[in-house]
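Colleague: I'm a first-year student, and I'd like a close look at just one part of this protein. Could you pick out any enclosed space inside the model and walk me round it?

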Amino acid sequence: MGNNSQPFRYLVAGPCAAESESQVYATAQRLHELAPTLPYPVAFFRAGVWKPRSNGADFCGAGEQALDWLRDIQREFGFTPCVEVATTQHVEACLAHGVTVFWIGARTSVNPFSIQAIADAVRGAGATILVKNPAIPDLKLWLGNVERFERAGAAGIIAVHRGFATAQEPQLRNAPLWEIANAFKVARPDLPLLCDPSHIAGDTQYIKQIAQTAINYGCNGLMVEVHCDPAHALSDASQQLTPDAFADLIRSLNYMATGDAPEDLLRRERNLIHNIDSQISQLLAQRMSVVDEIARIKREHHIPLLQPGQWNNVVSHYQEQALPDPEYAEFLHSFLELLHQHSLKRQQASPDPKTPKNQQP
Ligand code: PEP
Ligand code: MN
């Protein structure tokens with residue numbers, strides 16, 4: 001992964017949804033003012049015109065009239081609009097308004113019939129398609145969707161990693177499952193892969209860390225939700241950044257060096273180490289909470305804390321995957337010893353379920 005074939009170059013910014021002419025205008029105007037302060041240009045101004053809401057009673061987008069607003073901001077500020085299309089009617093309406101950059105949302109991406117219909121509708125239109133990953137973690141489906149647009153002769157294809165809907169993700173709106181984004185990059189190093197940290201995060205507080213992780217893995221751009229007044233947004237209010245916060249974010253990220261100077265090579269590798277360390281630290285914390293649950297079960301059922309057979313299974317599981325290097329084996333042995341001791345200590349210290357809560361330490 002350290003050998004990134006394409007540099008970072010795309011910024012896609014704009015509101016989750018085009019809500020009103022004044023909202024689209026104010027957002028684009030401020031982005032335009034801030035553009036000279038950014039290290040990369042805003043390639044596309046994104047705005048949902050038809051929104052795939054979980055509940056149809058919620059705001060579902062301003063519809064076709066918003067395509068006129070987008071055309072106006074393109075004229076005034078030079079931003080190329082990018083709109084989500086989920087049906088052939090959406091494609092036709094966009095093409096009739098001169099919009100030729102589309103994104104395929106994560107819900108549409110799960111349905112090969114919809115993808116094929118959209119691919120047939122864009123055939124010959126010279127369209128650029130941003131293909132988001134399907135909401136379900138299915139790499140083959142994501143790759144297959146891309147190929148449908150290639151066979152339809154799309155002028156440009158850009159993949160977008162927006163995270164996956166899994167029950168396991170405790171904190172974020174969608175689980176990043178970086179291994180799937182990385183596998184996409186390995187399978188299609190010829191295509192740009194962007195990250196949409198807004199939909200992975202679901203909350204502005206996590207956007208920066210996700211964007212930085214994506215950059216460290218070598219992503220080629222970011223699609224970020226930007227709204228002139230996020231607090232009053234009609235969809236995805238908690239994850240939208242103001243144009244100024246977006247500009248701060250883009251300026252504060254640490255981009256991968258593209259050169260071959262030793263400091264560039266080191267910076268790339270250090271960024272990758274940083275990602276791996278974050279994963280190790282999250283996994284260790286998760287492991288500890290499982291240990292606590294095991295302790296609770298053992299106490300409740302009067303099972304002894306120490307079960308040597310079980311620990312040997314853990315050790316051999318690690319050893320099976322170990323590097324064939326005696327020094328590494330020694331390190332692993334010491335590390336596992338420490339891990340085991342700490343787990344036992346936690347289990348000793350865990351509260352006795354029979355002790356009333358107010359008497360627990
Ligand atoms: C969006 O970008 O606003 C959107 C609906 O995206 P996704 O399909 O990734 O949820
Ligand atoms: Mn959104």
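How many cavities of 30 Å³ or more turn up in a search of the whole structure?

Modeller: Just one of 30 Å³ or more. Keep in mind that this is a predicted model: local features need pLDDT of at least 70, side-chain atom pairs need 80 or more, and totals for chains, interfaces and linings use all residues. Residues are numbered from 1 along each chain as written, chains are lettered from A and ligands numbered from 1 in written order, and side-chain values use heavy atoms, without hydrogens or water.

Let's start with the cavity (a set of points on a 1 Å grid over the protein atoms alone where a 1.4 Å probe fits but can't get out; its lining residues have an atom within 4 Å of a point). Its volume (the space filled by probe spheres set on the points, which are joined across faces, edges and corners) is about 80 Å³.

Going along the chain, you first meet His161 in its lining. Next come Trp178, Ala181, Asn182 and Lys185, and these positions fall within α6, residues 178-187. Helix α6 gives the largest share of this lining, four residues. (Helices are DSSP runs of H or I with at least four residues, strands are runs of E with at least two, both numbered from the N terminus.) After that you reach Leu193, Leu194 and Cys195, which sit in strand β7 (193-195). Then come Ala214 and Tyr217, in the stretch covered by α8, residues 207-217. Gly218 and Cys219 also line the cavity. Put another way, α6, β7 and α8 each supply at least two lining residues.

What is that lining like chemically? It has eight nonpolar, three polar and one charged residues. Here Ala, Val, Leu, Ile, Met, Phe, Trp, Tyr, Cys and Pro count as nonpolar, Asp, Glu, Lys and Arg as charged, and the others, Gly among them, as polar. Lys185 is the charged one, while His161, Asn182 and Gly218 are the polar ones.

Now look at the largest pocket (an open set of grid points, with protein on both sides within 12 Å along at least five of seven lines). Its volume is about 720 Å³. Trp178 links the two spaces, since it is in the cavity lining and also among the residues nearest the pocket's centre, along with Glu169, Pro176, Gln279 and Gln282. The pocket has 24 lining residues, and α6, α8 and α10 (262-300) each supply at least two of them. Helix α10 leads with eight. By class, the pocket lining has nine nonpolar, 13 polar and two charged residues.

The chain is divided into domain 1 (10-252) and domain 2 (260-359), with bounds from an automatic or database assignment. The pocket draws at least three lining residues from each of them. The C-alpha centres of the domains lie 38 Å apart, and four residues of domain 1 are in contact (heavy atoms within 4.5 Å) with five of domain 2.

Zooming out, the protein has 12 helices and eight strands, and its C-alpha atoms fill a box of roughly 70 × 55 × 40 Å along the principal axes. Of the contacts with a separation of 6 or more, 72% join residues 24 or more positions apart.
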